[in-house]
Amino acid sequence: MKATYIEHKCKNILHKIDNPRLPFNWGANPYRGCLHSCIYCFARYTHSYLELDPEHEFETTIIVKKNAAKILRKELANPKWKKELVNLGSVCDPYQPIERKYEITRDMLLEFQRYKTPVTVATKSSLVTRDKDILAEMSRDTYVDVVISFSSINDQIRKKVEPRATSTQKRLETISELRENGINVGVLLMPIIPFLNDTENEIEELFKAVSETGANYVIPGILYLIGSTKKRFFEFLDKHYPELVEKYKSFYKSRSPPKSYNERINQLFRHYRGKYDLHKFTPGQWKSKKDTQSVLDHYVQKK
Ligand code: SF4
């Protein structure tokens with residue numbers, strides 16, 4: 001697929017996140033739009049702020065914040081900056097393919113390292129291992145974790161729902177490689193997609209495969225559908241699974257599946273999290289922002 005890349009000079013890069021359910025208050029994104037093209041991507045709507053089509057141009061028109069690291073340095077050098085946890089890739093994948101060329105994410109990590117600011121990096125790409133040298137150093141002297149997401153252990157389904165992301169096997173190898181280098185890794189097992197990857201066997205296989213990589217923790221979740229993501233998802237069903245369209249119409253009358261479905265899947269999550277011992281607490285597996293901050297204080301003071 002051909003994508004257009006637009007270089008942009010940003011004025012600021014850290015943005016405030018005001019969501020009590022998340023463990024961080026700050027996010028940063030070197031790119032807007034994402035070539036990985038995940039069919040369920042919740043970030044699609046952000047392209048409408050650029051007057052671009054969120055359903056299709058999100059994956060074909062990518063904004064590259066060329067000066068992101070330079071701006072980040074200024075923001076982190078501000079004496080008012082309190083070294084709070086930052087989610088790098090809070091909206092779009094910071095290791096999508098174009099990062100090979102620009103290396104903006106790598107330069108940003110160097111700034112976070114310089115200013116001893118803890119970071120949680122969200123990606124689906126094995127390209128993150130390129131930066132294991134910086135990530136390993138940050139693990140020793142501040143705090144970092146890498147959060148890798150999976151929707152299915154079955155690569156045939158993965159190819160349909162995340163067509164341009166790293167393969168399932170390669171993502172598992174990426175986690176192992178990061179762990180071998182002393183880097184904390186969390187896993188988002190999401191989204192579980194009704195009727196596609198939600199059998200008990202598939203869910204257990206996912207937990208088992210992840211536990212064998214040495215990942216520190218798992219956060220599972222079920223598909224929700226709203227706005228442009230919902231529209232794009234139904235286009236996808238029409239093309240690949242037309243037999244499911246009517247089922248989905250009655251299943252997704254609101255943004256989530258029916259309560260009974262959620263309860264059944266959440267019960268499987270609890271069971272397999274226990275069975276495969278994926279409970280370890282880290283800033284990625286929080287109960288409250290207070291817990292996150294106390295763990296970070298511990299890491300930051302240790303340096
Ligand atoms: S990798 Fe993340 S940001 Fe990129 S399309 Fe997939 S879900 Fe969206």
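Start with Pro191, which lies in strand S9, residues 184-192. Keep in mind that this is a predicted model.

**Stop 1: a cis bond in S9**

Select Met190 together with Pro191. A cis peptide bond joins the two, with omega about 0°. Most peptide bonds are trans. That makes the Met190 and Pro191 pair a good place to practise reading omega.

**Stop 2: two positive phi angles**

Most residues other than glycine have a negative phi. Select Ser37. Ser37 is not a glycine, yet its phi is positive, about 65°. Look for Ser37 in the loop that runs between strand S4 (31-32) and strand S5 (61-65). Is Ser37 buried or exposed? Its relative accessible area is 3%, so Ser37 is buried.

Now select Glu103. Here too phi is positive, about 55°, and the residue is not a glycine. Glu103 sits in the loop between helix H2 (99-102) and helix H3 (104-114). Glu103 counts as partly exposed because its relative accessibility is 34%.

**Stop 3: around the ligand**

Go back to Ser37 and show the ligand. Which residues surround the ligand? They are Cys34, His36, Ser37, Cys38, Cys41, Val91, Cys92, Asp93 and Lys124. Colour this shell by class: 5 residues are nonpolar, 2 are polar and 2 are charged.

Pick out two of the cysteines. Cys34 has a relative accessible area of 7%, so Cys34 is buried. Cys41 is at 14% relative accessibility and therefore counts as buried. How many disulfides does a search of the whole structure find? The search finds 0.

**Stop 4: Arg44**

Stay in the loop between S4 and S5 and select Arg44. Its relative accessibility is 0%, so Arg44 counts as buried. Show what Arg44 touches, leaving out residues up to four places away in sequence. The list holds Ser37, Cys38, Ile39, Pro54, Glu55, Phe58, Glu59, Ser228, Thr229 and Arg232. Two of these names, Ser37 and Cys38, also belong to the residues that surround the ligand.

**Stop 5: the second largest pocket**

Next, turn to a pocket. The second largest pocket holds about 390 Å³ of space. It is lined by 19 residues, and those closest to its centre are His15, Asn29, Arg32, Lys65 and Val91. Select these five to find the spot. How does the lining divide by class? It has 10 nonpolar, 6 polar and 3 charged residues. Val91 is a name to recognise, as Val91 is also among the residues around the ligand.

**Stop 6: helix H4**

Select residues 132-141, which form helix H4. Which residues of H4 are buried? Ile134, Leu135, Ala136, Met138 and Ser139 are. Now show what covers them. The cover includes H3, strand S7 (119-123), strand S8 (144-150) and helix H6 (168-180).

**Last stop: Thr4**

Finish in strand S1, residues 4-8, by selecting Thr4. Thr4 is partly exposed, since its relative accessible area is 43%. Add Ile63. Thr4 and Ile63 are 59 residues apart in sequence, and their C-alpha atoms are 8.5 Å apart in space. Then show the contacts of Thr4, leaving aside neighbours within four places in sequence. Thr60, Thr61 and Ile62 appear.

How values were computed: Residues are numbered from 1 along each chain as its sequence is written. This is a predicted model: local features need pLDDT of at least 70, side-chain atom pairs count only at pLDDT 80 or more; totals for chains, interfaces and linings use all residues. Side-chain values use heavy atoms; hydrogens and water are left out. On a 1 Å grid over the protein atoms alone, a cavity is a set of points where a 1.4 Å probe fits but cannot get out, and a pocket is an open set with protein on both sides within 12 Å along at least five of seven lines; lining residues have an atom within 4 Å of a point. Grid points are joined across faces, edges and corners, and a volume is the space filled by probe spheres set on the points. Ala, Val, Leu, Ile, Met, Phe, Trp, Tyr, Cys and Pro count as nonpolar, Asp, Glu, Lys and Arg as charged, and the others, Gly among them, as polar. Helices (H or I, at least four residues) and strands (E, at least two) are DSSP runs, numbered from the N terminus. Buried means under 20% relative accessible area, exposed over 50%, partly exposed in between (1.4 Å probe, protein chains only). A residue is near a molecule or strand if one of its heavy atoms lies within 4 Å of it. Contact means heavy atoms within 4.5 Å. A disulfide is a pair of cysteine sulfur atoms within 2.5 Å.
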